[in-house]
Amino acid sequence: MIIQYITRKMIPFIQLYALYVIAHGDLGPGGGFQGGVIFGTSLILYIIVFGLERGKRLFKLKVFDFLGALGVLIYTIVGLLCIYFDGTLLEYTKLPFSDPHLSAHLGIFAIEVGVAITVSAVMVVFIFDIARKKDV
Amino acid sequence: MVDLLLLVLLVIFALYAVYETDLLSSVVILSAFSLIMTIVWTRLNAVDVAFTEASVGAGVSTIIFLSALSRTKRREEITRNGKKLNIYNFLASLIVIFTGSVLIYGTFDMPDFGDFDAPVNNAIAPRYIYGSMAELGIKNFVTSILAAYRGYDTLGETTVIFTAGVAVVILLRRRDL
């Protein structure tokens, strides 16, 4: 009961911190991978505390399968866009924004978001499919 | 002094995790091992690696081990010939000791930690350190290496994670639920 109350209060802060880590990847330590893991951990915390059954009702498993593929798709599309605008694969400075530095910034942010989506979705899929029904 | 203490703690934790027959406490000790490794990375000024070690090594991999533990027994079975000193164990330990001493002998030729004249600090590293700000405008050059200069590797890494997820779904998901 106490654990459930504290978990309910903690999860928004963990998720906010995860978004901060993803967004500040080019200024400080962290990035898409770490932020995605932290975001996935907040969902896993909910599953551990409230049980697999309730977690399954809240998160549809198909959505997470889809998100895992979507992150890789975002990464690849950004890479191919760079080729489309006369660059090599993942050469962000060729993206059509006003400033090459702005292009690099936005391109890197897009692929960090892609990595984060894939990592957090796959972590949740891991927990749902590896854990047995009774024990977690 | 602190480094020596951390090293001793790491060795103690690793041996404990190997020899403990209760798998649950073995997993918890591995998590503590990762936490000590986080401190070691931070002392080596590798903050990004420390961040990854804390979130993945101490966090998610512990959870994945625990959920894998829910599919097996909690105690390790003690094998019969594990404790006896037979000829295979003797040969195996001989090979391990030989390989270890060759590897330690190899480190004598390596440059000191953080040596200014070391090849690794002169060939490609200055290009990343100075080029990150000039070419891309990214302050954290670890991120610019991962996402821009070595972006193809990171694409492969993301694909590996996705493939692992697909493999888990194919092998373990039950359709009737």
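How many salt bridges does the rule count over all chains? The count comes to 6, and since this is a predicted model, the stops below are best read as features of computed coordinates.

**Chain A as a whole**

Begin by selecting chain A and colouring it by secondary structure, which shows 5 helices and 0 strands, so that the order of elements from the N terminus reads α-α-α-α-α. With the view aligned to the principal axes, the C-alpha atoms of chain A fill a box of roughly 55 × 25 × 20 Å. Chain A has 136 residues, of which 46% count as buried, and its accessible surface comes to about 7000 Å², with 71% of that belonging to carbon and sulfur atoms. If you draw a contact map of chain A and keep pairs at least 6 apart in sequence, 61% of those contacts join residues at least 24 apart. Marking the charged groups of chain A gives 11 positive and 9 negative charges, whose mean positions are 21 Å apart.

**The loop before helix α5 of chain A**

Next select L90(A), which lies in the loop between α4 (61-84) and α5 of chain A. Its phi is near 65°, a positive value in a residue that is not glycine; for context, most residues other than glycine have a negative phi. Is L90(A) buried or exposed? At 4% relative accessibility L90(A) counts as buried, because the limit for that class is under 20%.

Now add E91(A) and K94(A), whose side chains meet in a salt bridge with an N to O distance of 3.2 Å. Both ends of this pair count as partly exposed, K94(A) at 37% relative accessibility and E91(A) at 26%.

**H101(A) and what it touches**

Move on to H101(A), which is found in helix α5, residues 100-130 of chain A. H101(A) counts as partly exposed, at 30% relative accessibility. Which residues are in contact with H101(A), once its neighbours within four places in sequence are set aside? They are M133(B), A134(B), E135(B), L136(B) and G137(B), so the list is made up of residues of chain B. For a distance within chain A, measure from H101(A) to G30(A), 71 residues apart along the chain, where the C-alpha atoms are separated by 20 Å.

**The interface between chain B and chain A**

With both chains shown, select the residues in contact across the boundary: 40 residues of chain B meet 47 residues of chain A. The size of an interface is often given as the accessible area lost when the parts come together. For chain B and chain A that buried area is about 3800 Å², and carbon and sulfur atoms give 72% of it. Across this interface the rule finds 2 salt bridges. One pair to label is R173(B) with D65(A), whose side chains meet in a salt bridge at 2.7 Å, N to O.

**Chain B: a bridge between helices**

Turn to chain B and select R43(B) and D3(B), which form a salt bridge with the closest N and O atoms 2.7 Å apart. R43(B) lies in helix α2 and D3(B) in helix α1 (residues 2-19) of chain B, so the pair ties together parts that are 40 residues apart in sequence. R43(B) is partly exposed at 47% relative accessibility, and D3(B) is likewise partly exposed at 45%.

**Chain B: a bridge between loops**

The next pair is R74(B) and D22(B), whose side chains meet in a salt bridge at 3.0 Å, N to O. This pair links distant parts of the chain, 52 residues apart, with R74(B) in the loop between α3 and α4 (87-107) and D22(B) in the loop between α1 and α2 of chain B. R74(B) counts as partly exposed at 48% relative accessibility, whereas D22(B) counts as buried at 9%. Then display D65(A), D129(A) and R173(B) together, which salt bridges with shared partners join into one network.

**Two last stops in chain B**

Select N45(B), placed in the loop between α2 (23-43) and α3 of chain B. N45(B) is not a glycine, yet it has a positive phi of about 65°, and it is exposed, with a relative accessible area of 68%.

Finish at T62(B), found in helix α3, residues 47-69 of chain B. T62(B) is buried, with a relative accessible area of 13%, and beyond residues up to four places away in sequence it touches V27(B), S31(B) and G57(B).

Key:
Residues are numbered from 1 along each chain as its sequence is written. Chains are lettered from A and ligands numbered from 1 in the order in which they are written. This is a predicted model: local features need pLDDT of at least 70, side-chain atom pairs count only at pLDDT 80 or more; totals for chains, interfaces and linings use all residues. Side-chain values use heavy atoms; hydrogens and water are left out. Helices (H or I, at least four residues) and strands (E, at least two) are DSSP runs, numbered from the N terminus. Buried means under 20% relative accessible area, exposed over 50%, partly exposed in between (1.4 Å probe, protein chains only). Contact means heavy atoms within 4.5 Å. Accessible areas come from the Shrake-Rupley method with a 1.4 Å probe; for residues, only the protein chains shown count as cover. Lys and Arg count as positive and Asp and Glu as negative; His and the chain ends are not counted. The place of a charge is taken as NZ of Lys, CZ of Arg, CG of Asp or CD of Glu. Buried area is the accessible area (1.4 Å probe) that two parts lose on being put together, summed over both. A salt bridge is a side-chain nitrogen of Lys or Arg within 4 Å of a carboxyl oxygen of Asp or Glu.
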